[in-house]
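Q: Can we walk through this model together? I'd like to cover the ligand and the domains.
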Amino acid sequence: MNYGLTYQKPRFMKKLTIGLFAIALAALMACHRTPSENKLDLSVQWKFHTGDDIAWSGASFDDSKWDLIKPTDNWENQGYKNLDGFAWYRLRIVIPHSLIDDAYIKDSLQIKLGKIDDYDQVFLNGELIGENAKVLPVNTEPRPDFFNGPSRWDVSRRYVLAANDPRIHWDKENVISVRAYDSGGAGGMFSKPFEISMIDLPDHVMFDFSQSNFKFSGDTLVSKQFAIYNISQNEDFRGLLTVKANRCDNGNALFKQETILDMSPNLHMVFTVNVIKDLSVPATIYFTFKENSSGKEVNAQLEMPYILTPKPGKAPRINGASVFGVRPWSPFQYLVAATGEPPLAYSAEGLPEGLRIHADNGLITGAISKKGEYKVKLKVTNSFGTAEKDLTIKCGELISLTPPMGWNSWNVWGLSVSDKKVRQAGEAFVSSGLISHGWTYINIDDGWEDTHDKNGNILTNSKFPDMKAMCSYIHSLGLKVGIYSSPGPKTCGGFEGSYTFEEKDARNYADWGIDYLKYDWCSYGGIAPNPNDRELKFPYREMRKYLRKVNRDIHYSLCQYGMGEVWKWGNEVDANSWRTTGDIDDSWESLSGIGFVQDACSPYSAPGRWNDPDMLVVGWVGWGPHLHYTKLTPNEQYTHISLWSLLAAPLLIGCDLTQLDAFTLNLLTNDEVLAINQDPLGKQARQAWKSGECQIWVRELADGSKAIGLFNLTEQPLPVNVKLDYLGIKGKWMMRDAWTQKDLGFVQTHFEMNVLPHGVKLLVLRKN
Ligand code: GAL
């Protein structure tokens, strides 16, 4: 084993270890991003106006009365609710000639404009330079129908011009005007980066970390494979590669190694860096390539994953929901989720008539005929002891009394989901142990449907040869199954929806053994193009009517992206959860843009009625057959799970469960964190305090404790001084760190904590 940086030559050659220099470094409190040089920041001072007038492209047009807008977030999030169609952005900026002077390669200028939802034309000083991510030559006339064709919302805009292009006014003020067209949902510019720079060394030499995720071996070794590319066709780059790792808490160096690289055109080299550290310590790896002739550097950095969740003990521990809702006569299925050294023996006292527990696997099945509240004592025993837990079974009308926890195929497989992948997900719930922490649902999203047959029965496509058999297989694992459809004629993926077949579909779902339905607005937009209140509710009421007629408890999940403030009426249509936002992706912008605006929905959440800020984006995701490891940093992933737990959000894992790594597993198996999500009081957290980019969210728990999230939305570590007043509490409280599951001592009046960039401290304050 090489504890350093190893270079992987092509397979047929010998693996080579390059020189390792252990260099003591001055302590650096440096777990934050370093600004890049020679770039003009384009992320501020944009002017914005709705509507469309080609005169707004002109350099001399007076936009002083236009609104200011952030280009990094869509316009709906900045007060332009439900704005579809045209709007314009304008920015004035001096482009200094020093950009060329300072560049090593002086040919071309690039203008990066984040992403634009959906279509754009970009003008520089009144001249069109690009359209829908494509650069256009001088004197191209703007096409009036540039917004026809497939949406370009997810494409990064990068417009490259030759340095001598007459449309650039060097050393003078330039006006960039963007004509944006949004065809529905969120609209306008968003994401990052927004900058102007020369195409220079960093555009030719790049680090790539996407090939693999961090690997853990033993208790102290963390490895990461990375590649360095020279993508230039003709430039040869020679220089020094430095890789170093520093702890984030005290800045101490963990590792440093340097090596000379000679990179001919079109070359890429793959290395593995091996760092020995305490797994629970946050650290950052810094990568620098310093090119010899220019003296210029290309930098990158990576947060290393750190594991906070303690491993489950040998003695039994019972996890999962402590309250469970069921309707009279519905098939009952509740699995006692428990960790501990096998074999475990399960028993339950006080089960109502009609139910029985399977002693060897903890599955409670049967049916209850009488409405009522039943107090049950669960017991799990092994050779290390016995654990007990109270479970309240409420037999009545309301189900999903705690937020559903499970897996959904969309964020990983997109439309390439198949029977095999769904079965594998179920099997992985068992083999990875997720099932022992309360994870239950295996949900198929879009992509399983064929047409309705002549009797109105929905058929499955060839990827799902036998849905009923698949459902009973998932049930046999102790899990539940979910499915997806749309009230429209077509789903968002273009498959057959439920429109006019609602009753038949509901019956088919029940017959197959479905336990969860995600019902996605999609093409219903064609039936109700400008839906009023009644029209928004109608299709959801319709399906609910038929779901209620089947003898099965089917969690009813609305997906219509928050239209008409669904959180205010989701319970009226008897939904169990409703999406409050558009789709999430694995970026900080998306995660924070969704997660931190949930306060307005909070008062409407209650047991059986959950706000759904969309599914989880940790692990290997991809929305299609080609997967990548989540782009969220480890801190951001802790923020994701902590915030979703505080928000009492449905937790639906959206990754490939056959490739779960130790870090992701640590995120998904922390029973104290999950207990916050599953707290039986069912009260969603509120934002209790906010100062700049620091926020405190507080969730009241059933036993009178408070779950507290301290969030740092900046890119620097931040000390947060918390006054108990902010949390609306007084007196002496015992503070516990939910992730490390350690008591931190008593607090009174105030306490201070360091929170990592984009990171969180998730605490539980227990009354003394
Ligand atoms: C979207 C929905 C996604 C996914 C997709 C399937 O509208 O928000 O979560 O279900 O449709 O086509």
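A: Sure. One term before the domains: domain bounds here come from an automatic or database domain assignment. Also, this is a predicted model.

Q: Which domains does the assignment give for the protein chain?
A: Domain 1 is 5–22 + 204–304. Domain 2 covers 37–199, and domain 3 covers 317–395. Then come domain 4 at 405–680 and domain 5 at 687–767.

Q: Switching to the ligand. How many residues surround it, and which are the closest?
A: There are 13 around the ligand. The closest are Asp445, Asp446, Lys518, Asp520 and Asp583.

Q: What classes make up that shell?
A: Six residues are nonpolar, six are charged and one is polar.

Q: How far are the polar side-chain atoms of Asp445 and Asp446 from ligand oxygen?
A: For Asp445, a polar side-chain atom sits 2.6 Å from an oxygen atom of the ligand. For Asp446, the distance to a ligand oxygen is 2.8 Å.

Q: And Tyr561, what's the distance there?
A: An N or O atom in the Tyr561 side chain is 3.5 Å from an oxygen atom of the ligand.

Q: Is the ligand mostly buried or exposed?
A: Buried. Taken alone the ligand exposes 310 Å², and the protein buries 95% of that.

Q: Back to domains. How far apart are the centres of domain 1 and domain 4?
A: They are 39 Å apart, taken over C-alpha atoms.

Q: How many residues are in contact there?
A: Seven from domain 1 and eight from domain 4.

Q: How much area do the two bury?
A: About 590 Å² between them, with 61% of it on carbon and sulfur atoms.

Q: Which residues of domain 1 lose the most?
A: Asn213, Phe216 and Glu303. Together they account for 75% of what the domain 1 side buries.

Q: How many salt bridges and polar contacts cross that interface?
A: Zero salt bridges are found between domain 1 and domain 4. Two residue pairs are in polar contact, both at pLDDT 80 or more.

Q: What's the class split on the domain 1 side?
A: Four polar, two nonpolar and one charged, counting the residues that touch domain 4.

Definitions and conventions:
Residues numbered from 1 in each chain as written. Predicted model: local features only at pLDDT ≥ 70, side-chain atom pairs only at ≥ 80, totals over all residues. Heavy atoms only, no water. Near = heavy atom within 4 Å. Polar contact = N/O pair within 3.5 Å; in protein donor to acceptor, adjacent residues only side chain to side chain. Areas by Shrake-Rupley, 256 points an atom, 1.4 Å probe, with all protein chains shown as cover. Nonpolar A, V, L, I, M, F, W, Y, C, P; charged D, E, K, R; others polar. Contact = heavy atoms within 4.5 Å. Buried area = accessible area lost by both parts, 1.4 Å probe. Salt bridge = Lys/Arg side-chain N within 4 Å of Asp/Glu carboxyl O.
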